[in-house]
Amino acid sequence: MRQKSYKKDRRNGRGFSVCILILALICLIPIAGGYEFTLSAGEFLAPDGTVESFTLEVYSWLRAVFSVLFLILMGLFIASVCVPERFFGFWREQWRSFKGFPSALKSDTGTFFSAVRQFFRENRKDIPLLLILFLSGMAIRLWIINRPITHDEAYTITTWGSGSLKYAVSDYQLPNNHVFHTILVNLIYHTLGKTPALLRLPALINGLLLIPAVYILGKQIYNSATGLLAAGISAFSSFLIDYSVWARGYSILAFCAVLIFIEGTIVQKQKNRFVWCLLILTAVIGFYTLPVMLYPFGAFCVWFLLRALFYRKFPLSGYGSMANALKYFIAAGIVIVILTGLCYLPILRNSGIHALFGNVFVRPLPLADFKPTLISRAIDFYRAFTDTVPPVIRIALFLGNVLALIFHRKISRIFIPLQAAFLLWLLPLWAIQRPNLWPRTLIFLWPFLILWGTAGVIWIVEKICAFLPSGLQTRFIPLFIIVAAGVTAVPQFDRAAEIAKLSSPHETAVLRILENRDTEKILFVVAPEDDAPLWYYADRYGLPKSIFDKNIPFSTVYVYVNPKNEGFEEPRTLDEIINRYGPGESFLDRSTEKVLMASENAILYRFHANERVIRKTFGETP
């Protein structure tokens, strides 16, 4: 019986090897055949006989993918021929593991939620303070949730949020489309409404979840005191507050970055398939929101691999061997790549690969420009990080970062410092990529810089506590956290009070039009730097998009002029707006000019149209 079973396994093994070889040869066809041959094959297989989207650029990417597949398959074929027993033994083991995955996942899910309940039971003394910090951070964010809509928010909402969901997931004309975040905004727009507070809910929820997430990561890596102080500083960081109340995907990126390291610390302590699935989901959501998820995810990969290198000295619990731990890591990476590719498939088909990887915002800077741009962005990052932060907190965070790195072995509970992983990944990547590192694209670093800084600070405070009377030692650290968080919070509440007073000149302009509107056929003329907010507010108050179209007849013209034009090279003038962005001066009756609104950064003019020119141009009287 054993001999028959052995012969059957050998026959099955040969058949499997032949299948691998055939697949490898199929992959070789588009590589060796060239673009024209592959295009002809695609047109033959296409239902309508044409493949418009198959460009030379697409072929180059396809060829690279098939080249990698060919090498992998040939490697598998060689292994199946040279060491068949080990090769097929390995795959039989993987198949058994795969068949047992559902039951193991169910068991690990129960284990995970039991561990979560145990975590909060063990740390219930931290919950009141954490809740106070969370609610205080929420109060600030809710206070300014209806602040005026910014240009990028408005562009995202009006371009992708207000249209069809199909268009939102397939168009990538600009990286403003943070696709996963856009999907959430689109669903809210079409179901709940289009007020600023509603459209900012996805950003707000993720910005708020970041606060307890920072606490949990701080608790896992350092201690409860570090987690609480880091959560407090994060709750009152003006930069994190702003991106929690702007309808953009950056708060999702920051939350996913912290969450993936929380999950990473868990899977390093024990083999839990449910947490591995959560890790995959977190990474895919991060990538589908912003491709720069590559920065924190790459750092996570380096961190895990460095930890695996020391498996013999510090074994990972539950895996049995380094190879088994790496198996889960590699499998998770493959699934993340596949799922992310599937998510972006509509964009790749509709907008092309260049839109995603070669647009002007991600294209490498010229070598001569990279260094001065990097210095400029570093200054921007520093200013954003320290904005409205009291000097004592700022200095403490910087010193704490230095101490946390130097004395990592004494301060941290983990063997490999996160700082090392980030440095080993980001510095070489940025040297190769030469990106324009706007502070918002580095928002994922903020929670970690805060966490490392507070770790060093708490370590020093604990050293000081050793000299205090025993009765004060247990009370001093909670009191210190409350005072430090309070000092950080005070300027943020003052800042929020000022922001809450702001009104949008774009919203005011739209309301003035509604108050003075005397005809349906109106034209609204505006320069590009102010157009998106006006699109949003016009849509919010029921004005049709056609009011911005100068190619249809109109009887009244409204012109929005920004004479200050802060942040741009030169102020705008009425004549420039009319002639450069409007229909031209001849289409207006300048004698009917009326100012409906005037401030230092916004003037709204109204004109009647020149009926003679309108009739001559459009063939009808408006």
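Of the 20 residues that form helix α13, 18 are buried, so α13 is largely enclosed by the rest of the structure. The model is a predicted one. Its length is as expected for a helix: 20 residues at 1.5 Å each should span 28 Å, and the end C-alpha atoms of α13 are 30 Å apart, which agrees.

**Overall layout**

The protein has 27 helices and four strands. Its C-alpha trace extends over about 100 × 85 × 50 Å along the principal axes. Of the 622 residues in the protein, 47% are buried. Among contacts between residues at least 6 apart in sequence, 75% join residues at least 24 apart.

**Nonpolar cores**

In soluble globular proteins, nonpolar side chains tend to be buried together. Here the largest nonpolar core holds 111 residues, and the members that touch the most others are Phe-261, Phe-300 and Phe-422. Helix α13 is the top contributor to this core, with 13 residues. Leaving aside residues up to four places away in sequence, Phe-261 is in contact with Leu-217, Pro-296, Ala-299, Phe-300, Trp-303, Leu-418, Phe-422 and Phe-448. Another core, of 30 residues, lies apart from the largest one; Ile-149, Ala-247, Ile-522 and Leu-543 are among its members.

**Helix α4 and its two faces**

Helix α4 covers residues 101-122; its 22 residues at 1.5 Å each should span 32 Å, and the end C-alpha atoms are 30 Å apart, which agrees. The buried residues of α4 are Ala-104, Asp-108, Phe-112 and Phe-119. Viewed down the helix axis, the buried residues of α4 fall within an arc of 80 degrees, so they line one face. An α-helix has 3.6 residues a turn, so residues three or four places apart point the same way. On the face of α4 turned away from the buried side are the exposed residues Pro-102, Ser-103 and Lys-106. The cover over the buried residues of α4 includes α10 (201-221), α13 (250-269) and α14 (273-289).

**Helix α26 and the strands**

Helix α26 runs over residues 574-581, and its buried residues are Leu-574, Glu-576, Ile-577 and Ile-578. These buried residues pack against the strands β1 (522-525), β2 (556-561), β3 (588-599) and β4 (602-609).

**Second largest pocket and helix α12**

The second largest pocket contains about 1400 Å³ of space. Its lining consists of 36 residues, and those nearest the centre are Ile-149, Thr-150, His-151, Trp-246 and Glu-566. Two or more lining residues come from each of α6 (151-161), α12, α18 (367-386), α24 (505-516) and α25 (528-540). The largest share, four residues, is given by α12.

Helix α12 itself spans residues 238-244 and includes Ser-244. Is Ser-244 buried or exposed? Ser-244 has a relative accessible area of 1%, under the 20% limit, and is therefore buried. Not counting residues up to four places away in sequence, Ser-244 touches Arg-141, Arg-200, Ala-203, Leu-204 and Gly-207.

**Cavities**

The structure has two cavities of 30 Å³ or more. The volume of the largest cavity is about 70 Å³. This cavity is lined by Ile-233, Phe-236, Ser-237, Phe-385, Val-389, Ile-393, Leu-397, Trp-446, Ile-450 and Thr-488. Two elements, α19 (391-406) and α22 (445-465), give two or more residues to the lining of the largest cavity.

**Loop residues with positive phi**

Thr-388 is not a glycine but has a positive phi. Arg-434, also a residue other than glycine, has a positive phi as well. The table sets out the values for each.

| Residue | Phi | Loop | Relative accessible area |
|---|---|---|---|
| Thr-388 | about 60 degrees | between α18 and α19 | 29% |
| Arg-434 | near 50 degrees | between α21 (418-433) and α22 | 22% |

How do these values translate into exposure? Buried means under 20% relative accessible area and exposed means over 50%. At 29%, Thr-388 is therefore partly exposed. Arg-434, at 22%, also counts as partly exposed.

Definitions and conventions. Residues are numbered from 1 along each chain as its sequence is written. Side-chain values use heavy atoms; hydrogens and water are left out. The expected span of a helix is 1.5 Å times one less than its number of residues. Buried means under 20% relative accessible area, exposed over 50%, partly exposed in between (1.4 Å probe, protein chains only). The arc is that of the directions from the helix axis to the C-beta atoms. Contact means heavy atoms within 4.5 Å. A nonpolar core is a set of buried Ala, Val, Leu, Ile, Met, Phe, Trp, Tyr and Cys residues joined through side-chain atoms within 4.5 Å. On a 1 Å grid over the protein atoms alone, a cavity is a set of points where a 1.4 Å probe fits but cannot get out, and a pocket is an open set with protein on both sides within 12 Å along at least five of seven lines; lining residues have an atom within 4 Å of a point. Grid points are joined across faces, edges and corners, and a volume is the space filled by probe spheres set on the points.
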